[in-house]
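These are my notebook entries on one structure. I looked up packing in the interior first and aromatic rings afterwards.

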Amino acid sequence: SNAICNTLDLLEKELDSQAHVVRYEDIELELWCHFLNQKRSDFYNEYGHRRIIATNYVDNTRNPWHMRLDMLEFIIQYLLCYQIGYSDNFKRLCDNFVNIMNIEFKRLRYGYRIVDGLVCEVTSNEEIKSIKTAANDKNTSVQEHLQKALEHYAKRPEGDYRNSIKESISAVEAICRELTGESTLGKAISNLEKTGIALQSQFKQGLQNLYNYTNDEATGIRHASMEPDGEYVPSQD
């Protein structure tokens, strides 16, 4: 919690040292009203002094660990909303905040990283780079499926892994169907070579096996969900 608080203190210093579109006080007020769901009028005391929200909440060990991460994620999402259409300097400031937070997570061997604005249980640099690259695909359908997959995976305190898998394979299906014009992933994979994309036979079979896995009624992934204590429940792995 100290590393998160220190990085938040740095964010406050950076935001308040220049005339940015967002002040740190704006973030604190947003947290008070829309994360903690308190009355706006109670944010300031009778002397006009504001409450200290983010660092106090993160530092309070009585708050559940996943709620403290939710608050951090709330701040990041709030900053991302203001990146669009504003100065490159503000975008660099926001990116720097996320980068420093990830450096601290890595330094302290914390099993989370911030990926595409979400706090995820992902630590491999290769995985992070792969997710970011795929999430920035120009295909809107692919973007939407992968963003939903990431949201389901990052859900706390327990990820919705069944729907994360479903959205992931749907992203693969979306790009393959667009390339081939076919109606299903199975047909699309078989016809990818006609579009000039040559897949190694074992890799092609692997994609087909993954699709068959999600279609298996026992997994409940692309069918009605199975009971939580059913015979097969997809895990984080």
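**Entry 1: contacts of I75.** I worked from a predicted model. Setting aside residues up to four places away in sequence, I found that I75 touches L8, L11, I27, L31, A54 and F97.

**Entry 2: nonpolar cores.** I then placed I75 in its wider setting: it is among the residues with the most contacts inside the largest nonpolar core, together with L11, I27 and F97. I noted 35 residues in this core. Which helices supply at least two residues each? I listed α1 (2-17), α2 (24-34), α3 (54-59), α4 and α5 (88-107). I also recorded a second, separate core of 9 residues, which includes L185, A188, L199 and Y211. As general background, I noted that nonpolar side chains tend to be buried together in soluble globular proteins.

**Entry 3: N102.** I located N102 in helix α5. Is N102 buried or exposed? I entered N102 as buried, because its relative accessibility is 14% and the cut-off for buried is under 20%. Leaving out neighbours within four places in sequence, I found N102 in contact with R113 and I114.

**Entry 4: aromatic pairs.** I searched the whole structure and obtained 8 aromatic pairs. One of them joins Y78 and Y82, with ring centres 5.2 Å apart and planes at 55°. I classed this pair as tilted, because its angle of 55° lies between the limits of 30 degrees for stacked and 60 for edge-to-face. Y78 is buried at 13% relative accessible area, whereas Y82 is partly exposed at 27%.

I next examined F105 and Y110, whose ring centres are 5.1 Å apart. Their planes stand at 70°, so I entered the pair as edge-to-face. F105 is buried, with a relative accessible area of 4%; Y110 is partly exposed, with a relative accessibility of 31%.

**Entry 5: aromatic cluster and surface patch.** Which residues form one aromatic cluster with F105 and Y110? I found W65 and Y112 in that cluster. W65 lies in helix α4, which I recorded as residues 65-81. I entered W65 as partly exposed, with a relative accessible area of 38%.

I met W65 and Y110 again at the surface, where they form a nonpolar patch with L108. Together, the three residues W65, L108 and Y110 have about 280 Å² of accessible area. I closed the entry on Y110, which belongs both to the aromatic cluster and to the nonpolar patch.

Definitions and conventions:
Residues numbered from 1 in each chain as written. Predicted model: local features only at pLDDT ≥ 70, side-chain atom pairs only at ≥ 80, totals over all residues. Heavy atoms only, no water. Phe/Tyr/Trp six-rings, centres within 6.5 Å; stacked < 30°, edge-to-face > 60°. Buried < 20%, exposed > 50% of the residue type's maximum accessible area, 1.4 Å probe, protein only. Patch = residues over 30% accessible without salt bridge, like charges linked within 9 Å, V, L, I, M, F, W, Y side chains within 5 Å. Areas by Shrake-Rupley, 256 points an atom, 1.4 Å probe, with all protein chains shown as cover. Salt bridge = Lys/Arg side-chain N within 4 Å of Asp/Glu carboxyl O. Helix = DSSP H or I, 4+ residues; strand = E, 2+ residues; numbered from the N terminus. Core = buried A, V, L, I, M, F, W, Y, C linked by side-chain atoms within 4.5 Å. Contact = heavy atoms within 4.5 Å.
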